[in-house]
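This report looks at the covalent cross-links of one protein chain, and then turns to one of its helices and to the chain as a whole.

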Amino acid sequence: MWLAGPLRIVALVVTAGLTWIVVSILLDGPGSGFPRIQQLFTSPGSSMSAPRASTYKCGLPQPCPEQHLAFRIVSGAANVIGPKICLEDKISVKGNMGRGLNIALVNGVSGELIEARAFDMWAGDVNDLLKFIRPLHEGTLVFVASYDDPATKMNEETRKLFGELGSRNAKELAFRDSWVFVGAKSVQNKSPFKQHVTNSKHKYEGWPEVLEMEGCIPQRSSAS
C-alpha cells in the first residue's frame, strides 16, 4: 500500500503532460487556437464557408438605384410555358397571359400597374390591340412579352405604333419570333430595353429560344 502515494503522483504528472500536449496542438501558438478548434466542428462543405448569394426585386442580382423600377421579362417557351412580366416584385401578367402579345401598362411615375392584357396575334382581331395602344399618353410604360405567335395579325399601323413606343424590331417581327420589349410614348425607336430572335433559329421544335431581360428603369418625375 505504501506505493499508492507515488503512483498517484506519477499518474497526475502523466495526465498533466498529456493535457498540455493536446492543448498545444489545438492552440498552436498565441491567437490561433479558435480556428483550429473551429476546424474540428466545421466540415469543408459547410455552408459557413460559402454565404448564399442575395437576390433583390424580381430576382435581380443587385438592387436598383433610387427612383428606378426593377423589372424582369421572360418570353413564352414555344406554346407550352407562358411569359412572365415582373415589376417591383409584382407579376403583371399572372392570370392574364395568352397566345400572342402579352402587354402590361404601368404608370411611369408611381410604378403602379394600369392594365394587363393578352392579344391573340394568330386568330384574334388586331383592332383590339390598336384600341389598347392608340390612346397611350406620355409617362406610361409599356411592357411586352411574346408567346407562341406575336406577329401574324400585325399590320402597318401596329408596327408603326410600337415604333413610336421605342421598338426597332416591330417592323420586322414575324411568325413565331420571340420578343420582349419595354417602351414608352415618344421614345421613337430608341428604347434600350428590347430583345428579339427570329423563328429561323430553332431551339425547340418549330420555335426559337426563350428570351429573358432584366434591369432598372428610371421613374418619371410628376413634373415631366
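When the bonded cysteines of the chain are numbered in sequence order, the pairing reads 1-3, 2-4. The model is a predicted one, and a search of the whole structure finds 2 disulfides in it. A disulfide is a covalent bond between the sulfur atoms of two cysteines. The table sets out the two links.

| Disulfide | S to S distance | Angle about the S-S bond | Separation in sequence |
|---|---|---|---|
| cysteine 58 to cysteine 86 | 2.1 Å | -85 degrees | 28 residues |
| cysteine 64 to cysteine 216 | 2.0 Å | -85 degrees | 152 residues |

The link of cysteine 58 and cysteine 86 is left-handed, and it connects distant parts of the chain, with cysteine 58 in the loop between helix H2 (33-41) and strand E1 (68-74) and cysteine 86 in strand E2 (residues 84-87). Both cysteine 58 and cysteine 86 are buried.

The link of cysteine 64 and cysteine 216 is likewise left-handed, and this pair too joins distant parts of the chain, since cysteine 64 lies in the loop between H2 and E1 while cysteine 216 belongs to strand E11 (residues 212-218). Is cysteine 216 buried or partly exposed? Its relative accessible area is 23%, and because buried is taken to mean under 20%, cysteine 216 counts as partly exposed.

Helix H3 (residues 126-133) offers a second view of how the chain is packed. Which of its residues are buried? They are Val126, Leu129, Leu130, Phe132 and Ile133, and, seen down the axis of H3, these buried residues fall within an arc of 160 degrees, so they line one face of the helix. An α-helix has 3.6 residues a turn, so residues three or four places apart point the same way. The cover over the buried residues of H3 includes strand E4 (100-107), strand E5 (113-119) and helix H4 (156-164). At the start of H3, a side-chain oxygen of aspartate 125 comes to within 3.0 Å of the backbone nitrogen of asparagine 127.

For the chain as a whole, there are 4 helices and 11 strands, and of its 224 residues 37% are buried. Among the contacts between residues at least 6 apart in sequence, 56% join residues at least 24 apart. The accessible surface of the chain amounts to about 13500 Å², and carbon and sulfur atoms account for 57% of that surface.

Key. Residues are numbered from 1 along each chain as its sequence is written. This is a predicted model: local features need pLDDT of at least 70, side-chain atom pairs count only at pLDDT 80 or more; totals for chains, interfaces and linings use all residues. Side-chain values use heavy atoms; hydrogens and water are left out. A disulfide is a pair of cysteine sulfur atoms within 2.5 Å. Buried means under 20% relative accessible area, exposed over 50%, partly exposed in between (1.4 Å probe, protein chains only). The arc is that of the directions from the helix axis to the C-beta atoms. Contact means heavy atoms within 4.5 Å. A polar contact is a pair of N or O atoms within 3.5 Å; within protein, one must be able to donate a hydrogen and the other to accept it, and residues adjacent in sequence count only if both atoms are side-chain atoms. Accessible areas come from the Shrake-Rupley method with a 1.4 Å probe; for residues, only the protein chains shown count as cover.
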